[in-house]
Amino acid sequence: MSTPPSDSPPSEAQIILTDNERSAVTNLLQYLENLTTTNFFSGEPLSALTTLSFSDKISLQQSAALAFAEATDQAAPQVGRDTLDPLLFLLSSNDTDVQRGASAALGNLAVNVKNKVLIVKLGGLEPLIRRMQSPNVDVQCNAVGCLTNLASHDENKTEIARSGALIPLVQLAHSEDIRVQRNAVGSLLNMTHTNENRQQLVNAGATPVLVNLLTSPDTDIQYYCTTALSNIAVDSSNRSEFLMTEPELVQRLVGLMDNPSLKIQRQAASALRNLASDEKYQIDIVEAGGLIPLLRLINSGDPEFILPAVACIRNLSINSQNESPLIGEGFLDVLSSILLMEENEEIQGHGVSTLRNLAASSQEKQVQVVQSGAIQKMKDLIMHVSPDIQSEMTACIAILARSEELKPRLLEMGICGVLIPLTRSSSTKIQVNSGGAIANLASKDSSIDDKRYTAFNDVWDEPDGGMNAYLHLFLTSPDPTLQSMAVSTMVQLLEYKDPELTRK
């Protein structure tokens, strides 16, 4: 009696390979024996991989996916559609092993700049997002890692945001697997470089996750989160959102400035600098103990740490409530030293701006600014720095020149010797600041009898034509502001009733 035929499908072992498949398997085995010297992305090796990739036999797809992964581990050159099409087909497979190999290979190839763009153009985002939600952690990790690489290219960011990838990424940032978590946060970081993408991240619920992960034991995750939050804090609307929803943010960032990782310290200072653009955060950072670690970073001597720290201090100094804490912690001496950093104009500029802000305070604090030696340094440097720095320095001097107590000191310092040449600057702002400083120095309380006028006699003709040339220049200027300054200065000088000055 014959055995009836079975209704169940045959196993893969029973399926007979086609001639093309058999040839591809044979060739692939030979190519894998010479893995380090074989180019798998063109010619016969790619043809063999393509045949196996598009096979309807899962075992052959598994072999192709694994071979692609191993080949791309060795090299990740620019490839074309003929390589990416079979990989994207494999990525859409329902088999976990195929998914694992294909996602690993695609992530390796996504390191190449040209490949990043082509993968997205060929529709790679949709299967990657599906694989990000795989129950298999390895597949998740590879898919998110690939997306991280793709998100590092500006051309891809908008497409990624529109693809629906952000919410799964935020969810995977909660993963218990540190590799998945690290890749997910890395992707979120790469999406923080444009205003539009930052807003989309906030809407996707990324910020609470990033703030929470600031306490992660993983250094890379802490760094990614700190940097991402720093970027997000650039936008005023996001800072307002932080104020309402993230009460722990400032304290955690202040704590991270003492982190063993230097790059985390630097990014924490950068994040605080951006937050300090808002008045409430200016107070919160000081109250959270931020001044001491910021001072330590400035004293490090390393421009990479000095820049974000002094930029943060500059923002904090805008708030009058912070003047006493800043001076009390010894920042005046440090800021005075920063003025000498001529090789780094940005640092120098933040230092001068901070001094200018502190100079606009009480008489006592103005005296402390001068006593720190900062104004003497400005006088020595001002003719050798950029117009932007000159503008800040002359503004600071003009503010201090209002003080009756400081006017004699500034004149004895010979400050007019640098202000007069700067009245001829091509920058109207520098002209106004310099002329304003001279006018402030010339004015005096009528109850005070001093010999201050001798300082103006000494610079009547020199340097650069002296007071005489400055007054003539401003009086003949078409700018009414400059004319007014010159008239005011002349009236103030006449009030000294010095015969020589009056004659001149």
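1. A residue is called buried here when its relative accessible area is under 20%, and in this predicted model both Tyr 470 and Phe 474 are buried. The two residues belong to helix 31, which covers residues 466-475, and they stand four residues apart, about one turn of the helix. Their ring centres lie 4.9 Å apart with the planes at 70°, so the pair is edge-to-face.

2. The count of aromatic pairs comes to three. Another of them joins Tyr 223 and Tyr 224, whose ring centres are 6.2 Å apart and whose planes meet at 55°, so this pair is tilted. Tyr 223 is buried, at a relative accessible area of 18%, whereas Tyr 224 counts as partly exposed, at 23%.

3. Charged side chains also sit over aromatic rings. The charged end of Lys 263 is placed over the ring of Tyr 223, 4.6 Å from its centre, and Arg 266 lies over the face of Phe 305, at 5.9 Å from the ring centre.

4. The number of salt bridges comes to 19. In one of them Arg 182 pairs with Asp 218, with the closest N and O atoms 2.7 Å apart. Arg 182 is in helix 11 (residues 178-190), while Asp 218 is in the loop between helix 13 and helix 14, so the salt bridge ties together parts that are 36 residues apart in sequence. Asp 218 is buried, with a relative accessible area of 14%, but Arg 182 is partly exposed, at 23%.

5. Asp 258 and Arg 296 likewise meet through their side chains in a salt bridge, at 3.0 Å from N to O. Because Asp 258 lies in the loop between helix 16 and helix 17 and Arg 296 lies in helix 19 (residues 291-298), the pair ties together parts that are 38 residues apart in sequence. Asp 258 counts as exposed, at 51% relative accessibility, and Arg 296 as partly exposed, at 36%.

6. A salt bridge within a single helix is formed by Asp 284 and Lys 280, which both lie in helix 18 (residues 279-287), four residues apart, with their closest N and O atoms at 2.9 Å. Asp 284 is buried, at 18% relative accessible area, and Lys 280 is partly exposed, at 46%.

7. Salt bridges also link Asp 97, Arg 100, Asp 138, Asp 177 and Arg 179 in a network.

8. On the surface, Leu 475, Val 487, Met 490 and Val 491 make a nonpolar patch of about 300 Å². Helix 32 (residues 480-494) gives the largest share of the patch, three residues. Val 487 is placed in helix 32 and is partly exposed, with a relative accessible area of 44%.

Notes: Residues numbered from 1 in each chain as written. Predicted model: local features only at pLDDT ≥ 70, side-chain atom pairs only at ≥ 80, totals over all residues. Heavy atoms only, no water. Phe/Tyr/Trp six-rings, centres within 6.5 Å; stacked < 30°, edge-to-face > 60°. Buried < 20%, exposed > 50% of the residue type's maximum accessible area, 1.4 Å probe, protein only. Lys NZ or Arg CZ within 6 Å of the ring centre and 35° of its normal. Patch = residues over 30% accessible without salt bridge, like charges linked within 9 Å, V, L, I, M, F, W, Y side chains within 5 Å. Areas by Shrake-Rupley, 256 points an atom, 1.4 Å probe, with all protein chains shown as cover.
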